[in-house]
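Here is a short report on one protein chain. Take a look at the sequence and the structure before reading on.

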Amino acid sequence: MDPSPDPIEAVSQRLDTFLIARRRESEEWGPEAAVLTDAGAASLRGGKRLRARFCIAGWRAVEESSNVPAALDPAVLSVAASLEVFHAAALVHDDLIDNSDTRRGRPSSHRALEAHHVAHGWVGDAAAFGRSGAILLGDLLVAWSDDLAEEGFSEVDAAAAAAARAEYGAMRRGVTVGQFLDVAEESAFRSESDDRHAERALRVASLKSARYSIQQPLTIGAALAGADDAQLAALSGFGHPLGMAFQLRDDVLGVFGDEAVTGKPSGDDLREGKRTVLIAYARERLPASAVRTVDELIGDPTLDAGQITALQNTIIDSGALERVEALIADYARQAERALSGARLGNAAVGQLRDLARAAVARTA
């Protein structure tokens, strides 16, 4: 079956085909193996397919630099789909690290596996089973992402494959270190002076999100199309500031988002103790007594709605939300300027700008 011309639908079709094969493969290993495979399939449902879309957009921007439309290459589709599988792995582990109960309005993977343990009357600690299963599920998803990526790399010429594989490897290393720095910051922030907290939060945002979510998917796609250094530089110059704006919007939604839209409880980042730029800016402007109160509350998983509202108001009154919104707008302008005059396909550049507006203005 030819891939759909719509990138999201095409990626979904590619994932469906891959998952059917993995499900059949697991059948010979018994019903317990199917539990893990089915959990992997569940983790890939929903989402915005953002990384896949930027990968395809990066490929199109180079492939159509002569302004001749190009049909979607199956090799690019496999690599784009692999980014979604890798992202699912990161979310499974992220939810486990953060002890999050929900993801996209459904139970997070470790909670779903815990519920399976209970529902089937298995012996032992159901919560421990859920945590162990989620670690292994994340590992399985990483292996799946490798499988899909290598399928795509094998279908392009050796130079393009090597360039794309290098970009992919850098993405994987960077996001893993960024995730650790995010975890470490919740413990290490007291050892740093307050005036460095925003800088350190931006470092996490760059590694954990900006490069991983937008910049490197773009350059992976571009590399598959044989991009030259100038084209890669233009797409990187667009992707990194846009990725920063994307993560800062995520930080805002993590504190002020509507649960009915985001699928996660309002203020969840406050309960999880996320030391974001938003929190760093708030602490810079608050008196010492208020900073102590904020530090005592952030990271408390039992925060009730009233305490969340009080923290939200404190953040707003400090001017932190206004400063972050200004920073988002500045990053978006930087991204816009990076594409000016670049030797990239006009239609693809228009699509990139549409994606940029959607990423910055999103509510989920």
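This is a predicted model. Start with His87, which sits in helix H4, spanning residues 74-98. His87 has a relative accessibility of 11%. The cut-off for buried is under 20%, so His87 counts as buried. Setting aside residues up to four places away in sequence, His87 touches Arg51, Arg104 and Tyr212.

Now turn to the nonpolar cores. The largest holds 55 residues. Phe54, Phe238, Leu242, Leu270 and Leu352 have the most contacts inside it. Several helices each supply at least two residues of this core, among them those in the table.

| Helix | Residues |
|---|---|
| H3 | 50-63 |
| H8 | 197-224 |
| H9 | 229-256 |
| H15 | 320-338 |
| H16 | 346-361 |

Helix H9 gives the most to this core, with 11 residues. Leu352 has contacts of its own to trace. Beyond its neighbours within four places in sequence, Leu352 contacts Phe54, Ala57, Ala61, Leu218, Leu235, Phe238 and Leu339. A second core is separate and has 46 residues. Its members include Ile56, Val85, Trp144 and Phe153.

Helix H13 is worth a closer look. Its residues Val291, Val294 and Asp295 are buried. Viewed down the helix axis, the buried residues of H13 fall within an arc of 95 degrees, so they line one face of the helix. The face turned away from that buried side carries Arg292 and Glu296, both exposed. Helices H12 and H14 are among the elements covering the buried residues of H13. After H13 comes Gly299, with a positive phi near 95 degrees.

Terms used:
Residues numbered from 1 in each chain as written. Predicted model: local features only at pLDDT ≥ 70, side-chain atom pairs only at ≥ 80, totals over all residues. Heavy atoms only, no water. Helix = DSSP H or I, 4+ residues; strand = E, 2+ residues; numbered from the N terminus. Buried < 20%, exposed > 50% of the residue type's maximum accessible area, 1.4 Å probe, protein only. Contact = heavy atoms within 4.5 Å. Core = buried A, V, L, I, M, F, W, Y, C linked by side-chain atoms within 4.5 Å. Arc of directions from axis to C-beta.
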